[in-house]
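Q: I have a model open and want to learn to read its features one at a time. Where do we start?

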Amino acid sequence: MRSDPLCTSSRLWGTVCCLLSESATLALELLSFGAGGAYEIIWGRGLEAVPSPEELRAAFVAAYPGRVLLISDWIGVISALSWLTAMCLLMWMAWTWARSWLWRQPEVLFFPDESGTHVQRICKLLASSRKRVWLAMFAFSDHALADALLRAHRRGVDVRVILDEEQCHSPGAEGDRLAAGGICVLRESSTARMHHKFAIIDHAVLSGSFNWTRQASVANCENICLLRESHIVRCFVNEFCGLWQNFDRKSGQVAQKVAFKRRRDGTPPKFRLRATCDKENYCQV
């Protein structure tokens, strides 16, 4: 057993930093020793001369004398390997949490943007969708964004669109082309205008003043917020489900009715006449 402490610092963070440093050093030493041993076996003595576990322990201690007290026997070897495994798991969990936290940070896009960078950002989000793209948009005439929706639909993504009926008749409107491409489009024509401008893309929401039109992207002062907080996304999902059900029953027109089987990712079939929200906040139509 060790007669002296591995870390001499009496402070918490000093001890933590010392343990992390010692763990990283030990892991690098083991990797270096293992790589050297594998090279010697393959290119030197051959597989018939593989050393025993005890010989490996003794060789490691001889190569790194500073570890003689830490790995004095096989109990020490097992303890060291268990510690390194636990540290790797903790580091992986910390990295996963940090990545998830960073991924959930909001983004804000401002227009006009004559470079087209922000529209391309939206297209990339649509291209990355795997389960659903639910769009409620007052005016929609941007050809590039319509193409991105059609590509997502062809990949099997659950794409649904709610548009304002009057805006669907404006020059360049994309509603008819989306419907012709197989996407279910509801057109709201009641006295209460469908003035929403949001899109649900898997577990994220795009919302702001931005209509999906060329005019809005290059000439108007507009904004879009990209939000990933689960409770906010859930609110938008519930709103979309309510709109879908209400417009379909009272004032909407289903542009196309095609029966689809439920896909393996669990998204429901698309085109029937009623829409409700299940416990997972997905619209079942």
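Q: Which strands form a hairpin, and how many residues lie between them?
A: Keep in mind that this is a predicted model. Strand 5 and strand 6 make the hairpin, with two residues between them. Look at the turn: Asp202 there has a positive phi of about 55 degrees.

Q: How many bridges join strand 5 to strand 6?
A: Four, and the two strands run antiparallel. Strand 6 spans residues 204-208. For one pairing, take Ile201, which stands opposite Ala204 in strand 6.

Q: What joins strand 5 to strand 2?
A: Five bridges, again in an antiparallel arrangement. Strand 2 covers residues 132-137. Here Trp134 has Ile200 of strand 5 as its bridge partner.

Q: Which way do the residues of strand 5 point?
A: General idea: side chains in a regular strand alternate between the two faces of the sheet. In this case, Lys197, Ala199 and Ile201 point one way. Phe198 and Ile200 point the other way.

Q: Is strand 5 buried or exposed?
A: Mostly covered: five of its five residues, 197-201, are buried. That holds for the residues pointing either way.

Q: Is Leu178 buried or exposed?
A: The test is relative accessible area, with under 20% counting as buried. Leu178 is buried because its value is 0%. Find this residue in helix 6, residues 175-180.

Q: Which residues does Leu178 touch, leaving aside those up to four places away in sequence?
A: Phe140, Ala146, Leu149, Leu150, Val161, Ile183 and Val185. Take Leu149 from that list. Leu149 and Leu178 are 29 residues apart along the chain, with 8.0 Å between their C-alpha atoms.

Q: How many residues are in the largest nonpolar core?
A: There are 35. Leu178 is among those with the most contacts inside this core, as are Leu126, Phe140, Leu145, Leu149, Val161 and Trp212. Helix 5, residues 143-154, gives the most to this core, with six residues. Another core, of 17 residues, lies apart from it. Its members include Trp134, Ile162, Val237 and Trp244.

Q: Now the surface. Which residues make the nonpolar patch?
A: Leu12, Trp13, Val16, Leu20 and Met91. Their patch has an area of about 550 Å². Helix 1, residues 12-45, supplies the largest share, four residues.

Q: Is Trp13 buried or exposed?
A: The cut-off for exposed is over 50% relative accessible area. Trp13 counts as exposed because its relative accessible area is 64%. This residue sits in helix 1.

Methods
Residues numbered from 1 in each chain as written. Predicted model: local features only at pLDDT ≥ 70, side-chain atom pairs only at ≥ 80, totals over all residues. Heavy atoms only, no water. Patch = residues over 30% accessible without salt bridge, like charges linked within 9 Å, V, L, I, M, F, W, Y side chains within 5 Å. Areas by Shrake-Rupley, 256 points an atom, 1.4 Å probe, with all protein chains shown as cover. Salt bridge = Lys/Arg side-chain N within 4 Å of Asp/Glu carboxyl O. Buried < 20%, exposed > 50% of the residue type's maximum accessible area, 1.4 Å probe, protein only. Pairing = 2+ DSSP bridges. Core = buried A, V, L, I, M, F, W, Y, C linked by side-chain atoms within 4.5 Å. Contact = heavy atoms within 4.5 Å.
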